[in-house]
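Open the model in your viewer and keep the sequence panel beside it. This tour goes from one selection to the next and says what is there.

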Amino acid sequence: MGTAHKAWAAVHELHVYKQVEQLVADSRWVEAQPTGLVHALCNCGYSSGWIPDEELPSRSELVAAHGVPFGSILATGEKLGDTTGG
Ligand SMILES: [Zn+2]
């Protein structure tokens, strides 16, 4: 059964991970710092892999393709809601 036509579409849910490394030290203090590598991963199947931050597509490109990133860490210091179109 089931003659109904179902339309399935990829769901975008973009996550951008920033890799951090942790200082291995015999100490109670845990130090972590960003390695400069980022990984953009979307539910639709897109994955940038671990790449240097500067190689990541611009936020506007990512938003255009996948919507606003989940948890939007890229939003820091960036203009939100800027809809100026060329
Ligand atoms: Zn996507």
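Colour the chain by pLDDT to begin. This is a predicted model, and the chain averages a pLDDT of 81. A score of at least 70 is reached by 77% of the residues. Now select residues 74-86. Here the pLDDT is below 50. Beyond near neighbours in sequence, this stretch has five contacts in the model. Turn to the elements next. β3 has the highest mean pLDDT among them, at 97. β1 has the lowest, at 91.

Switch to a cartoon view. The chain has one helix and three strands. Starting at the N terminus, the elements follow the order β-β-β-α. For the whole chain of 86 residues, 9% count as buried. Contacts with a separation of 6 or more are worth a look too: 41% of them join residues 24 or more positions apart.

**The sheet**

Select the three strands together. They form an open sheet in the order β1-β2-β3, with antiparallel pairing. Which strands are at the edges? They are β1 and β3, and each pairs on one side only. β3 covers residues 51-52. As background, strands of a sheet pair through backbone hydrogen bonds.

Zoom in on β1 and β2. Eight bridges pair them in the antiparallel sense. To see a bridge, select Glu21 and look across to β2: the partner is Gln33.

Now move to the other side of β2. Two bridges join β2 to β3, and these strands also run antiparallel. Select Leu37, then find its bridge partner in β3, Pro52. Select Val38 as well. Opposite Val38 stands Ile51, in β3.

**The core**

Show side chains for Leu14, Val16, Val38, Ala40, Cys42 and Leu62. These six residues make up the largest nonpolar core. Which elements give two or more residues to this core? They are β1, residues 14-22, and β2, residues 32-42. β2 gives the most, with three residues.

Stay with Cys42, a member of this core. Leave aside the neighbours within four places in sequence. Cys42 is then in contact with His12, Glu13, Leu14 and His66. Of the core, Leu14 is thus one of the contacts of Cys42.

**Gln19**

Select Gln19, in strand β1. Is Gln19 buried or exposed? Gln19 is exposed, because 12 other C-beta atoms lie within 10 Å, and a residue with 12 or fewer counts as exposed.

Show the surroundings of Gln19. Without the neighbours within four places in sequence, its contacts are Pro34, Thr35, Leu37, Val38 and Trp50. Val38 in this list also belongs to the largest nonpolar core, and Leu37 is the bridge partner of Pro52.

Try a distance from here. Pick the C-alpha atoms of Gln19 and Ala32. They are 13 residues apart along the chain, and the separation is 10.0 Å.

**The helix**

Finish at α1, residues 59-66. Select Arg59, which lies in this helix. How exposed is Arg59? Arg59 is partly exposed, because 17 other C-beta atoms lie within 10 Å; a residue needs 20 or more to count as buried.

For a last distance, pick the C-alpha atoms of Arg59 and Pro69. They are separated by 8.8 Å and lie 10 residues apart along the chain.

How values were computed:
Residues are numbered from 1 along each chain as its sequence is written. This is a predicted model: local features need pLDDT of at least 70, side-chain atom pairs count only at pLDDT 80 or more; totals for chains, interfaces and linings use all residues. A nonpolar core is a set of buried Ala, Val, Leu, Ile, Met, Phe, Trp, Tyr and Cys residues joined through C-beta atoms within 7 Å. Helices (H or I, at least four residues) and strands (E, at least two) are DSSP runs, numbered from the N terminus. Two residues are in contact if their C-beta atoms, placed from the backbone, lie within 7 Å. Two strands pair if DSSP finds at least two bridges between them. pLDDT is the predictor's confidence in each residue, from 0 to 100.
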